[in-house]
Structures are given as C-alpha cells and as structure tokens.
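Reader: Before the terms in a structural description are accepted, the grounds for each should be set out. Please take them one by one.

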Amino acid sequence: SKHYSNLDRNKERYYRYNHFTVCHSRSINFRLLIEDKSMSMTTKSKVDVLMVGTGEYTTGYVGGTAADSDKGAGVVALTMFDLRRRGKVDRVAMCGVNGTKFPGIRKHMKRCIEEVYKDMDLTCETFPGDDAIDPKSYIAASATCKPGDVAVTFTPDDTHFDIALECIQKGMHVMVTKPIVQKLQHHKILAEAAKKHNVLVGVEVHKRLDPFYADARDRARSALGNFQYMYAYMSQPKHQLDTFKAWAGKSSDISYYLNSHHIDFSEWTLAGIARPIRVTSTSSTGVAKARGMDTEDSITLTVQWQNLNDQTLGCGVYTSSWVAPKSDVHSQQRFFYMGTKGEINVDQAHRGCTVSEDGKPFASVNPLFMKYTPTNGYFSGQNGYGVRSFENFIDACQSINAGEKTPEDFNDGSIATVHTTFQGTALLEAGRMSLDADGQPMDLIYENEKDIDPIDIRPHSF
C-alpha cells in the first residue's frame, strides 16, 4: 500500500516507547554509552540545506520589513537554524534573485530570530552576491552542494520545475512548496528524475500534519464510507496582492496558491477510495484588476470524483481568494466533508484561542501551526505542524543517506512525495485550463478503470 496505516504508526510508537523504556532501565554507564553513540550518529548524519527563495515563508521579510501576516519571523529559515541548534542540520545556505535584499534580510533575521531566541547560529551563505541580481542563482548555489544535501524551495510557482530538476540532477533531496509544479507533464519528468537519481522529492503540504486535518482524514477513511461531497474555502486578505505582485496573475493564480491545500487533502484522504475525473472552474474578478493586476480575485474548482469500488460519483468544491478583508485571522480556512455514512466540519482558522494586546488587533491564533513565543528564551515551536513538516523531511533524508531507508519507503503516505501527488497537479492544471477555456470542463485521463494517477488532461466533449 502507498499509504501509511494507523497500525503502522501504532507499531512505530510502540517500538519507540519500549525502546526508550528498555534503554532507560540499563545501568548508568551503558546508558551513557548509548547516548554517546547516538550523539555521534546524529553528528555524522547531519545534512546541509540550501533554501531556495527569500520571501515571506522562508524569511518573513517582505517589501523591506517583516511580513504583515502571521509569519513575520518566517518559517523555513527559523526551522533550519533551530534544526542546526538541535544537531540535525549543518551548513545552511540561501539563494534568491535579488542579492541587494540580503543585507536587509540579515538585519531582519537578527532582530526576529537571534535577538529573540537563545543559541541560534544564523550563519548562512547567500547567493547571488549582495550587489548582484541573478534569476538563475540556484544553479551556482546548488553547485556548492553535494549528493545527499537538501534543497527546500519556496519560490514563484512557475520556477519550481527548473529549480527542482537542477537540484535532483545534482543528487540532492528536494522539498518544494505546493504546488510542486503547474503542469502534469513536468510532474512526470520530476518523478522520473527522482527515481533515476535515487533521491527523495516531496511537496510541502503541512496540513497533513495538522491534528484536526489528520484526524478528519482518518475518520473519513475508516468510518464515513464512500465519498459524497466536500466544500473547502481558503482566503487571505487583500494586501497579499501586494506581497505577491511580482507573480500574481503573471505566472500563477490564487487557485495554485491556496486551493492546492485542500486539493491535496482530498487526494491524501481519498487515496485508494476515489479518483478525480472532471474539473470545471469559475472565478470572481474586480478587486485585483482595479489595482492594475490582471488576475482573478477568487477561483472555484468543481471536481467530479468517482468512487473506485462501485463507480458512484461525489463532488468536491474548492474555493480560494486573496481579496478578503483583514479579520481576526490571516487566513480563513475551513471545510465540510460528507461521506455515505457521516460528515465532518473543520474550521482550521479558529482553534478556540484568542488574544488581545494593547496596540494590536484582536486575533484568533493557531499555535498548533507555529509557536513563536519562546520558552525560557529558547524557540519552542518544534511540535507545530509548520516545523514538523520540514523536520520530518530532514529526518527522512538523514535515514536515506545513512542507508536505513530508500526514497521509495516514503511513498506510504508519511511524506507527500512526487510519486504520490499526481492528482493534485492534474486538478490544478485542469482548473487553469478550464478557466482559460471559458469554463469548459476538463477530463482527467487514466490508463484503466482502477488506476489512480492521471496520465493526461483533455477538454470534455458533450
């Protein structure tokens, strides 16, 4: 099976618990010996990391200052510096297009990371030089890496394919933010390259680690029967149009950016249960175009799903927007799921925790994602699913480099690999094709009635 079962998870937890209990019961000298060996193994298996992209999610630095969002201190760089502090990462490098931003980024990270958390080493090689602009800097940056190193890519969607392929061909493990690519054909090429070079290539879809989403997924698979209906909504405020003005409407859209989250949730939840067969898209316009940006404000994908056991049909409706008003959360995100035997409602934006501070707006906060508040001066957000998404990938790469695992071992659903996410890419591409064809439905083509990986997208014939 491609999917990581609850039984497998329970076995792993049982092993880890009992392994700890046995070791803890040994003599002090033996325990110290084990700990020394463990520390030595950890040191030997450290990985070097190249962060590709210097924007909001990586550094929290946007437009010369901290991002006006829930990620002002960034996620990727903060996580990598903390993983270095904890002995899992060694060298850290970062590359972008505009090197003149790096002095500001260093000051920002010093203020938001080094001066906030203890023992954070912010040593980081940067590409290109501080006085250079180079859209292809990832080529020179990756040339300083070796096979087994890790590339973490958070860049505009249309650049993912070239960057990922370059790093894969250098023998690097690669993690790419969603969507991994924009075209099904590019997805196939990356999958073939990953297999050829024997590296792990994954998609950063952290909602798989959100305990609410993970529980909903397991309930849907175990108790709710065949798929019937799902409605998902995700939005961000209007100022994100300014954050993403370099690419919004030029090389990507709001569906690729936000619908990708719930599209992936459906692919992950319905794996082996149902497959998407048709996509129809509609949109809303006006706000972005009034700002001189030729892009949709909101995009809705209506997806026809087919249950594999009896060919009955289900419907998924996925809406994303970046013209919402500012509110108590940066991103509204929720879904309703119904199967033949039950239903689930999840409001990911409101976890029952609200905060009010003088000089700041009322906020519904989600420390399950990122916990930026330090504990005794140290960063203590390791249990947040924003951090765990990267740490799990780093752990996987360490185990592959050590010869303990193979990249194929992670096609079990424990990581969203390039080999298990074809549907997501096909749905997003089909959605864009439908919009460009004035709402014409697009059919996803499979090799046979039971196959779950689409091989092509074609306009529907009535």
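Author: A residue counts as exposed when its relative accessible area is over 50%, and as buried when that area is under 20%. The model discussed here is a predicted one.

Reader: Why is asparagine 376 called exposed?

Author: Its relative accessibility is 67%, and the cut-off for exposed is over 50%. Asparagine 376 therefore counts as exposed. This residue is found in the loop between β16 and α13, and its phi is near 55°, a positive value in a residue other than glycine.

Reader: What makes a positive phi worth a remark?

Author: Most residues other than glycine have a negative phi. Aspartate 438 also has a positive phi, of about 60°, although it is not a glycine. Aspartate 438 lies in the loop between α14 and β17 and is exposed, with a relative accessible area of 77%.

Reader: How do you know whether phenylalanine 410 is buried or exposed?

Author: The relative accessible area of phenylalanine 410 is 10%, and buried means under 20%; phenylalanine 410 is therefore buried. The residue lies in the loop between α13 and α14. Leaving aside neighbours within four places in sequence, its contacts include Leu200, Ala396, Ile400 and Ile415.

Reader: What is the angle between helix α4 and helix α13, and why is α4 called oblique to α13?

Author: Helix α4 (residues 76-85) and helix α13 (residues 385-401) pack at about 50°, with their axes 10 Å apart. Angles under 35 degrees count as roughly parallel and those from 65 to 115 as roughly perpendicular, so α4 is oblique to α13. The crossing of these two helices is right-handed.

Reader: Which residues of α4 and α13 meet?

Author: Val76, Thr79, Met80 and Leu83 in α4 meet Val387, Phe390, Glu391 and Ile394 in α13. The residues of this contact divide into six nonpolar, one polar and one charged.

Reader: How do you know that the buried residues of α5 line one face of the helix?

Author: In helix α5 (residues 102-114), the buried residues are Phe102, Gly104, Ile105, His108, Met109, Cys112 and Ile113. Seen down the axis of α5, they fall within an arc of 145°, so they line one face. What covers them includes α4, β4 and β5.

Reader: Which peptide bond leading to proline 128 is cis, and what is its omega?

Author: The peptide bond from phenylalanine 127 to proline 128 is cis, with omega near -5°. Proline 128 is placed in the loop between β5 and α6. The bond from lysine 178 to proline 179 is also cis, with omega near -10°.

Methods: Residues numbered from 1 in each chain as written. Predicted model: local features only at pLDDT ≥ 70, side-chain atom pairs only at ≥ 80, totals over all residues. Heavy atoms only, no water. Axes fitted to C-alpha atoms, helices over the stretch in contact; angles between N-to-C directions. Helix = DSSP H or I, 4+ residues; strand = E, 2+ residues; numbered from the N terminus. Parallel < 35°, antiparallel > 145°, perpendicular 65-115°, else oblique. Left-handed = near helix turned anticlockwise from the far one by under 90°. Contact = heavy atoms within 4.5 Å. Nonpolar A, V, L, I, M, F, W, Y, C, P; charged D, E, K, R; others polar. Buried < 20%, exposed > 50% of the residue type's maximum accessible area, 1.4 Å probe, protein only. Arc of directions from axis to C-beta.
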